[in-house]
Protein chains: 4
Amino acid sequence: MGATDTPTSGSRTPYHHEDDPTGCKLNYHEAEALVESDDPEHPANLICELCREFYKLGWVTGTGGGISIKQGNLVFLAPSGVQKERIKPEHIFVLPYPQSAVPRPGSKRDMIRVPKKTGLKESACTPLFWNAFTMRNAGACIHTHSQHAVLLTLLLGKKADAFRISHQEMIKGVRIGGSGKTLRFFDTLTVPIIENTADEEDLTDGMAEAMAKYPDAAAILVRRHGVYVWGNTWEQAKTQAECLDYLFEIGCKMLQAGLPLVGDD
Amino acid sequence: MGATDTPTSGSRTPYHHEDDPTGCKLNYHEAEALVESDDPEHPANLICELCREFYKLGWVTGTGGGISIKQGNLVFLAPSGVQKERIKPEHIFVLPYPQSAVPRPGSKRDMIRVPKKTGLKESACTPLFWNAFTMRNAGACIHTHSQHAVLLTLLLGKKADAFRISHQEMIKGVRIGGSGKTLRFFDTLTVPIIENTADEEDLTDGMAEAMAKYPDAAAILVRRHGVYVWGNTWEQAKTQAECLDYLFEIGCKMLQAGLPLVGDD
Amino acid sequence: MGATDTPTSGSRTPYHHEDDPTGCKLNYHEAEALVESDDPEHPANLICELCREFYKLGWVTGTGGGISIKQGNLVFLAPSGVQKERIKPEHIFVLPYPQSAVPRPGSKRDMIRVPKKTGLKESACTPLFWNAFTMRNAGACIHTHSQHAVLLTLLLGKKADAFRISHQEMIKGVRIGGSGKTLRFFDTLTVPIIENTADEEDLTDGMAEAMAKYPDAAAILVRRHGVYVWGNTWEQAKTQAECLDYLFEIGCKMLQAGLPLVGDD
Amino acid sequence: MGATDTPTSGSRTPYHHEDDPTGCKLNYHEAEALVESDDPEHPANLICELCREFYKLGWVTGTGGGISIKQGNLVFLAPSGVQKERIKPEHIFVLPYPQSAVPRPGSKRDMIRVPKKTGLKESACTPLFWNAFTMRNAGACIHTHSQHAVLLTLLLGKKADAFRISHQEMIKGVRIGGSGKTLRFFDTLTVPIIENTADEEDLTDGMAEAMAKYPDAAAILVRRHGVYVWGNTWEQAKTQAECLDYLFEIGCKMLQAGLPLVGDD
């Protein structure tokens, strides 16, 4: 994306909202610069790299899942419905944070940077990521379709409103509420399970309710769908996503072997 | 393959069929140029890259499986019986599309570009890929020997004429007929199962019949063999192949755990 | 880390302990040079490379696990609580060996080189690695959170004080005591299991006791946590970690299939 | 390994056996040149690359397993007891073929090229690879410790003298005797199982007997150990190793699900 590229349609016009809560008044080139960096730790680069890693773990196959990173008053997001292991920085959306309302995908409301490639929409997970940003002050939120998460919600059965496990070393990598102190080995980790909806966006309220009901939860499982995990930083979000996925996997194996998940008997 | 290479046998002669339905009248160097490109998204490059990726997923081990891409009036195909993770653009066959009849492997009928390396035959899957091109107007077709697909056809039993599953988020990545609108979460995905035959080519009619009987199906499972998946583009074919493979895998796990595949109980 | 970098805080001051048992009296730049090498087999480089490999094997996800290498009178260690697949040589701690007491994490006692990046603490596994160095004269010690190890301790049940298996070819890759002659095919491999504790550091005594009680053991399993494996060299430690992980995995499968672990019936 | 390197001990002296059956009378530099090539398809390079690939498949962890390639009157072999994913061309042994007797590891008999790195012994599998070369005229032989192979021999039980499976597409990738025509879909594939011995070398006669008794077998399973697979070329050996490993894996799954391996019911 050369410096001489110019926008050719309204959809590429950068953010100039009058009552801009973040104070972003960027012109086109300033908006493009937000996703152009040689620093591998820049959010636009990290999202691409991490999505490739998550693909290898089976977390984001079939275009599902992804990660959003909040840095200062900017939120970086992947597009919807694209192969997550193949996205490039130029495909990244940038939104201001905070916003007066939860951003709905496709509303084009309060966008700072929209990819030039036509037809791209921001991730359908946007309002769900937003829950983590507004309710937990998260710096990053990861969504996976890991089979361990989905199978666990099936093995636990329709009446289970949460996954609970204790006495596992990997519990110690999970923080109270996703952002507080880490749990201890003998603490019972609780991850609420909510029911899936036809449209991803419609999970927003259910996720928010579960987060309010379980303030100590570091993640929300969605039955027959996957999991949302967040953290203060992308590193903490990734660490917790790995620890939780490990616990989902061993939880499945323990259920299949008839072993109790809570306690050390 | 340098520009000074010259054909040394009749088998390398490019396509000059008199009643050429595609109007392709290429000389040798024009035919070679069809598979030489620096663009990683060129079909000849993509097939090689995707086969390496599919190998890592266990889809094309032991030389089985592969992908064919149709671009305009050209179909790009890998050779038969070679290690799919090691093919190079110079090994790719190019056929014109459409043709007056389904091309049979080894017939050398209507070939635009035949690899110079002697002994290579076009994939035995050619007529099956053709079904997807002619009956669904697909832009790409993927064939895998995924163990999830094969085990599923075994676990479902000999009397099952299809795999049916509902209430899975990954269903939403599959399109009606492979090319239409995406299915919804609570829709029942149906993938017909046909019986395997001694020769891959002899699957052609059975696959076509199943596609006619199940116009909404996005793929055809072949018992004790694998699956054929297609899409409007290679991206859609790959996305659907990943979503379906995910569903085959979780379907196996659900059957093994005694969980119903359809409904949300 | 350029040669002109200078320490800016006391925490970066290199080791100058008066009663230094190793005789290390290095200035800042000499200490930094201990982790700077173009040789891929240098311990600081090896730890980073091996942690990336172990991550792919699922041994060190979620910041858990790792490897420590002893070379001469120096011990190289990764930091605690960081993503192990992303550590760089500049993050490596260097400690003198031997020391008058087991080094406790965070004590900053007897440190030769502390990473400049603030907030890094040496691995909580430090005193456990030390057990392998002092009690077995090991040259390297690996700690994994492999699910095969954890599931095995669960499937064997709370009363099992050890994992025992015989008549497996991979047993031949394990050495008596981790450092002696290799076991034979029909020997019974015994890996003691100790109970996990709330803090990793508190495992130190339990691990030492098990090592004293089972002098022929090449590793110690920690229930609901993972495994510690050591060897004369990093190569032997890695080989034994792989052989043992293989045996833990097939041990789980055999238990799940109702097959006896010892004997060849 | 520079051209100016000179041998410094008798163990590096190239092959000068008086009654050399292959006519190889190479000086030191000629012998070294046998493993130095820029061609990735040169046997010394291929063995290293394929071992890295096999490591990812879990076939050669813990230094076990490997591949030997015969090219003309030379046999290329990896060393014994080293990490197979890390070997380099300079570690490769070269032996003449044929020899008047099966070469025994460590005998240093009839060696054309011995690696300069001291302490390396040729693979303990040497006489077993030799069986494939002499009895089937194979061009390559692969040995894996795949858990699918080992678990299969355990699930089939001590009385099973062979693994038999039919009606699987992947059977079509296996050749009669490992080198003849490919099997058909509905043929019954038979892979003999022999009992393991304390020393790998002592498997030689048992493997030879099974190969004589089952002339159509393309591989020999060794209970509680792994499998030996061969082919006319390294490509055919690899293809067959992949097809067989696939069949071992799905065979295990079918046995665990109570499905019959032979027939299509």
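Two residues are said to be in contact when heavy atoms lie within 4.5 Å. In this predicted model, contact in that sense joins A:Cys125 to A:His143, A:Glu200 and A:Tyr228, residues up to four places away in sequence being left out of the count. A:Cys125 itself is placed in the loop that runs between β3 (93-96) and α3 (126-136) of chain A. Its relative accessibility is 5%; since buried means under 20% relative accessible area, A:Cys125 counts as buried. The residue is also covered by the annotation "binding site" in UniProt, where the entry is unreviewed.

The sheet was described in chain C. There, eight strands form an open sheet with mixed pairing, in the order β3-β2-β1-β4-β8-β7-β6-β5. The edges are taken by β3 (93-96) and β5 (162-165) of chain C; each has a single partner strand, so one side of each is left without a neighbour in the sheet. From one strand to the next, the twist averages 20°.

Within this sheet, strand β1 (residues 66-71) of chain C is paired with strand β4 (residues 140-144) of chain C in the antiparallel sense, over four bridges. C:Ser68 has C:Cys141 in β4(C) as its bridge partner.

Helices pack against these strands as well. Helix α3 (residues 126-136) of chain C lies across β1, β2 (74-77), β3, β4 and β8 (226-231) of chain C, and runs at about 140° to β4(C). Helix α6 (residues 234-256) of chain C packs on the sheet and touches β1, β4, β5, β6 (189-194), β7 (219-222) and β8 of chain C. The direction of α6 makes about 145° with that of β8(C).

Key
Residues are numbered from 1 along each chain as its sequence is written. Chains are lettered from A and ligands numbered from 1 in the order in which they are written. This is a predicted model: local features need pLDDT of at least 70, side-chain atom pairs count only at pLDDT 80 or more; totals for chains, interfaces and linings use all residues. Side-chain values use heavy atoms; hydrogens and water are left out. UniProt positions are given in the numbering used here, feature names are shortened, and annotations may be inferred rather than shown by experiment. Helices (H or I, at least four residues) and strands (E, at least two) are DSSP runs, numbered from the N terminus. Buried means under 20% relative accessible area, exposed over 50%, partly exposed in between (1.4 Å probe, protein chains only). Two strands pair if DSSP finds at least two bridges between them. Axes are lines fitted to C-alpha atoms, for helices over the stretch in contact, and angles run from 0 to 180 degrees between N-to-C directions.
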